[in-house]
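Work through the exercises below with the structure open. Each task is followed by a solution in steps.

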Amino acid sequence: MNSPEHRTSPHHDWTALLGTENIIFNRDLTSAAETATFATHQSIPFILRPANREQVQECLRIANRLGVPLYPVSSGKNWGYGSRVPVADSCALLDLGRMDRIVDFNEELAYVTVEPGVTQRHLHQFLRERHSKLWMDATGSSPDCSLIGNAMERGFGHTPYSDHFAHVCGFEVVLPSGECIHTGFARFPGARTGPLYRWGVGPSLDGLFTQSNLGIVTRMSIWLMPAPEYVQAFFFRCGEDSALSRVIDALRPLRLDGTLRSAIHVANDYKVLAGIQQFPWQSAEPPLSRGKMEGFRKKLQFGRWNGSGALYGTRAQVAEARRLVRKALAGKVDKLKFLDERTMRMAARFAKPYRRITGWDLARTMQLVKPVFGLMQGVPTEKTLTSAYWRKRTPAPASMDLDRDRCGLLWCAPVLPLDGEEAAQVADLTETLMLAHGFEPFISLTLLTERTLAAIISITYDRDVPGEDRKAMECYRNLMDRLTQRGYHSYRLGIQSMAAMNGGNEYSRLIESLKQMLDPNGVLAPGRYQMRVPHGSAANLVELPQRRRL
Ligand SMILES: Cc1cc2nc3c(=O)[nH]c(=O)nc-3n(C[C@H](O)[C@H](O)[C@H](O)COP(=O)(O)OP(=O)(O)OC[C@H]3O[C@@H](n4cnc5c(N)ncnc54)[C@H](O)[C@@H]3O)c2cc1C
């Protein structure tokens, strides 16, 4: 409840600005916001819910006056990386979810301009209602994730527009001082190409505001993809460990020359099993051994490594791409299947006879494939979230909330050269290390760009089991150390890793100078991707000196 003493100073300015209903002290709500998918200790004294950019500006001015740091989130579902929990202690949460307008849409030039509260579900619905011929790109996370929140972390999805930061521009940014700037050409009043042309003229600033604490993005344009004439998904599997490097090397030329336009995913057997079911508690003890996993592979018919991707274009272009994919993977995979809308419908109708003839359980496969095929066309899904309940003893609820349900989840996301041998080495290191720590190694290798692979590794556990938080964090730290020692750095970080980002080099010092210049009072997301902290060591990330405790 909002108690009367909280309505007096020092919160008075915020209350006057936002109204009592939009400054939240309710302990249930603040402690929910203090909960992530791993152990954290940061406290959140209250939550602010501004309704528009002007209120965000004023919130920052008040924060500067009072010396109270703010931590912005858009939808706050940064699961596995810290959820809504701030990097530093005692930050007020600035929840931007009420700013949920789609402020511009252009079908011909294929873009949309959104506020932070606009979610994947919201945009998808918006496009459908308008019978738009444009696709958005969707991540595998909740449909209720913010488009801006994800782009701020430089997240990715599954269509040819999968690299989100590469498909956004024209940011409206509130600086820590409360001033507001626009990036690219949008900074010129009356500019005709603000949402269309990223670079503007002069130094380009967009990158400064992603994975940083230099500003709050209150508006952003997102480019949308014209729906192609035809899309065909492909799925393959291979039985041997050694197939991985051959497959990656075979796909590289096709990714580089544009035959493969979207992110292709190659998942290990553990990752596939977690997409199908929870931990088999009746027949095994964690961690699920390689031997037991082999049994599941045979029974459920998936491979040691399992790939999925899609081909986009005219029918003729897709036919040619299919020929090239077939040729590239010939002799390297055990099974390669192509599917489109029509074959999916047919499969649903003829699943039983098909199984009798080929032995392949199409009905079950279709259940798994449908949401993936949707993601390949920018349709968000909730289905993928069930994998976070892998070690839970009860099934995933209809409405999934990983923080509330105490799902343990830590992501580690190193980027590798698009090279088979390196992929195999990282996979081997990860599997051996995670099994030794007592966790199933869930790995998917994504051909993220023409030249790189993102290894998306999750440590998935049950936070209700005593000791597991500590064990999982040990495993995570060990894995991150081993990977960074070998030169594989994660494309984004969880709140637990930001302090460990090594400062001391000139790049870090430059960022630090910018932070000092833009945010001398340290009121915006202290510690977020901050490699070096003013006034002392990394320990200060959780206890900044200028902080006023409320
Ligand atoms: C099963 C599962 C699958 C997932 N699949 C994917 C996937 O395919 N791709 C992917 O990218 N991620 C994935 N995720 C991770 C994560 O859930 C998503 O990245 C999600 O989009 C991030 O949360 P959000 O959108 O709610 O952003 P938020 O939590 O709102 O924002 C993320 C961070 O960005 C900063 N921020 C937010 N808004 C602003 C702003 N307006 N201005 C400045 N800074 C801001 C904050 O520091 C915040 O902590 C997955 C997670 C799970 C559990």
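The model is a predicted one.

**Exercise 1. Find which strands helix H3 lies across, and give its angle to S8.**

Step 1. Locate helix H3 at residues 53-66.
Step 2. Look at the strands beneath: helix H3 lies across S8, S9 and strand S10, the last spanning 216-223.
Step 3. Compare directions: H3 runs at about 50° to S8.
Step 4. Turn to helix H4, residues 120-129, which also packs on the sheet. Helix H4 touches S5 and strand S6 (111-114), and its direction makes about 45° with that of S5.

**Exercise 2. Give the strand order of the open sheet and name its edge strands.**

Step 1. The sheet has 5 strands in the order S5-S6-S10-S8-S9, paired antiparallel.
Step 2. Strand S5 (102-106) and strand S9 (180-182) each pair on one side only, so they are the edge strands.
Step 3. From one strand to the next, the twist averages 10°.
Step 4. For one pairing in detail, take strand S8 (residues 168-174) and S9, which are antiparallel over 3 bridges. Val174 has Cys180 in S9 as its bridge partner.

**Exercise 3. Describe the largest cavity: its volume, and the residues closest to its centre.**

Step 1. Searching the whole structure gives 5 cavities of 30 Å³ or more.
Step 2. The volume of the largest is about 160 Å³.
Step 3. Its lining comprises 17 residues, and those closest to the centre are Asp137, Leu147, His164, Val168 and Ile222.
Step 4. At least two lining residues come from each of H4, helix H5 (147-152) and S10.
Step 5. Sorted by class, the lining has 10 nonpolar, 6 polar and 1 charged residues.

**Exercise 4. Classify the ring pair of Tyr81 and Trp411.**

Step 1. The whole structure holds 14 aromatic pairs.
Step 2. For Tyr81 and Trp411, the ring centres are 6.4 Å apart and the planes are at 25°; the pair is therefore stacked.
Step 3. Place both residues in the chain. Tyr81 is in the loop between strand S3 (70-73) and strand S4 (92-95), while Trp411 is in strand S16 (residues 407-412). The pair links distant parts of the chain, 330 residues apart.

**Exercise 5. Which residues does the cis peptide bond join, and what is the phi of His131?**

Step 1. The cis peptide bond is between Pro286 and Pro287, with omega about 0°.
Step 2. Pro287 sits in the loop between helix H7 (269-276) and helix H8 (290-300).
Step 3. His131 is not a glycine, yet its phi is positive, about 50°.
Step 4. The loop holding His131 runs between H4 and strand S7 (134-135).

Key
Residues are numbered from 1 along each chain as its sequence is written. This is a predicted model: local features need pLDDT of at least 70, side-chain atom pairs count only at pLDDT 80 or more; totals for chains, interfaces and linings use all residues. Side-chain values use heavy atoms; hydrogens and water are left out. Two strands pair if DSSP finds at least two bridges between them. Helices (H or I, at least four residues) and strands (E, at least two) are DSSP runs, numbered from the N terminus. Axes are lines fitted to C-alpha atoms, for helices over the stretch in contact, and angles run from 0 to 180 degrees between N-to-C directions. Contact means heavy atoms within 4.5 Å. On a 1 Å grid over the protein atoms alone, a cavity is a set of points where a 1.4 Å probe fits but cannot get out, and a pocket is an open set with protein on both sides within 12 Å along at least five of seven lines; lining residues have an atom within 4 Å of a point. Grid points are joined across faces, edges and corners, and a volume is the space filled by probe spheres set on the points. Ala, Val, Leu, Ile, Met, Phe, Trp, Tyr, Cys and Pro count as nonpolar, Asp, Glu, Lys and Arg as charged, and the others, Gly among them, as polar. Rings of Phe, Tyr and Trp (its six-membered ring) pair if their centres lie within 6.5 Å; planes under 30 degrees apart count as stacked, over 60 as edge-to-face and the rest as tilted.
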